[in-house]
Amino acid sequence: MLKREFLKNGFLAMAGALVSPALLARVHDEQLLREARATPLADGPFTLPPLPYAFNALEPHIDARTMEVHHDAHHKTYVSKLNEAVAGKPEEKLSLAQLLASASKQPDAIRNNAGGHWNHSFFWQLLAPKGGGQPTGELAAAITKDFGSFDKFTEEFTKAATGRFGSGWAWLIHDPKAGKLAITSTPNQDNPLMDLPGVQRGIPVLALDVWEHAYYLKYQNKRADYVKAYWNVVNWSEAGKRYEAARKG
Ligand code: MN3
């Protein structure tokens with residue numbers, strides 16, 4: 001190969017790498033984070049809870065950069081926009097639980113951002129650095145009773161998470177009316193605490209964020225790989241507590 005041709009090919013390869021989707025995503029996230037850091041949280045009743053562990057605590061399953069952007073940019077933005085959406089309205093006096101329970105009557109700005117704030121606050125608690133394995137106690141027994149086995153449960157939950165078209169969430173809920181566990185999924189930032197047609201209501205025990213922003217830096221478009229990795233960071237001890245509280249009502 002001529003030296004000039006070699007240089008040209010090398011340059012083209014480099015230019016290709018410069019516009020690779022992975023790099024564009026990293027650049028995009030850098031900018032998101034810079035903007036989020038430069039913008040103070042909008043005043044109002046809602047605050048951003050700190051992440052209960054370090055950004056890198058879930059490595060290698062969920063990477064530090066994803067956690068940082070997800071919490072410090074995305075979650076912060078939901079809280080800010082929720083404060084802006086309720087400002088000066090009677091909704092300003094409502095709790096987050098009350099906003100969710102009346103979601104069908106709320107404008108999109110309240111429904112989406114109240115959901116975004118609640119869902120992420122819940123999600124962080126249900127992940128753990130030394131998570132994974134299997135549940136114990138009452139939750140373990142209920143999973144076996146309602147799904148047949150732990151493996152059947154993970155299979156069904158994985159199906160809900162990978163099958164949700166576009167952005168949304170997969171859930172394990174306790175359905176108080178039926179007195180049992182159920183798996184469901186919701187679009188966007190909707191959740192099972194909302195009074196929405198088409199949403200199966202119940203008390204969340206476990207949640208998985210399947211928006212691309214939750215996994216694209218590490219897994220690109222391979223949602224199934226992210227869902228597989230998720231099982232290594234599930235906080236079963238917290239899920240068990242949520243389940244026992246849900247059953248007591
Ligand atoms: Mn998210």
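**Side-chain contacts and the manganese site**

Ring pairs join Phe 147, Phe 150, Phe 153, Phe 157, Tyr 230, Trp 231 and Trp 236 into a cluster. The model is a predicted one. The count of aromatic pairs comes to 17. One of them is formed by Phe 157 and Trp 231. This pair is edge-to-face, with 5.4 Å centre to centre and 70 degrees between the planes. An angle over 60 degrees counts as edge-to-face. Phe 157 belongs to helix 7, which covers residues 150-163. Trp 231 sits in the loop between helix 9 (223-230) and helix 10 (236-248). The two rings are 74 residues apart in sequence, so their contact ties together separate parts of the chain. Phe 157 is buried, at a relative accessible area of 0%. Trp 231 is also buried, and its relative accessible area is 15%.

A further pair is made by Tyr 219 and Tyr 226. Their ring centres are 6.1 Å apart, and their planes stand at 55 degrees, so the pair is tilted. Tyr 219 and Tyr 226 are both buried. Tyr 219 has a charged neighbour as well: Lys 218 lies over the face of its ring, 5.7 Å from the ring centre.

Charged side chains were examined next. The structure holds nine salt bridges. One of these joins Arg 65 and Glu 30, at 2.6 Å from N to O. The bridge links distant parts of the chain. Arg 65 is in helix 3 (residues 64-86), Glu 30 is in helix 2 (residues 21-38), and 35 residues separate them. Both ends can be placed by their accessibility. Arg 65 is partly exposed, with a relative accessible area of 26%. Glu 30 is partly exposed too, at 37%.

Glu 68 and Arg 37 meet in another salt bridge, at 3.2 Å from N to O. Glu 68 lies in helix 3 and Arg 37 in helix 2, so this bridge ties together parts 31 residues apart in sequence. The partners fall into separate accessibility classes. Glu 68 is buried, with a relative accessible area of 15%, whereas Arg 37 is partly exposed, at 48%.

A bridge within helix 3 completes this picture. The side chains of Arg 65 and Glu 68 meet at 2.9 Å, N to O. Both residues lie in helix 3, three residues apart, which is about one turn of the helix. Through shared partners, salt bridges join Glu 30, Arg 37, Arg 65, Glu 68 and Asp 72 into one network.

The model also contains a manganese ion. Its protein donors are His 70 (NE2), His 120 (NE2), Asp 209 (OD) and His 213 (NE2). These donors lie 2.0 to 2.2 Å from the ion. Along the chain they follow the spacing H-x49-H-x88-D-x3-H. His 120 lies in helix 5 (residues 108-125). Asp 209 lies in strand 3 (residues 203-209). The pair is 89 residues apart in sequence, so these two donors tie together a helix and a strand. Both His 120 and Asp 209 are buried.

Terms used. Residues numbered from 1 in each chain as written. Predicted model: local features only at pLDDT ≥ 70, side-chain atom pairs only at ≥ 80, totals over all residues. Heavy atoms only, no water. Phe/Tyr/Trp six-rings, centres within 6.5 Å; stacked < 30°, edge-to-face > 60°. Helix = DSSP H or I, 4+ residues; strand = E, 2+ residues; numbered from the N terminus. Buried < 20%, exposed > 50% of the residue type's maximum accessible area, 1.4 Å probe, protein only. Lys NZ or Arg CZ within 6 Å of the ring centre and 35° of its normal. Salt bridge = Lys/Arg side-chain N within 4 Å of Asp/Glu carboxyl O. Donors = N, O, S within 2.8 Å, 3.2 Å for Na, K, Ca; no water.
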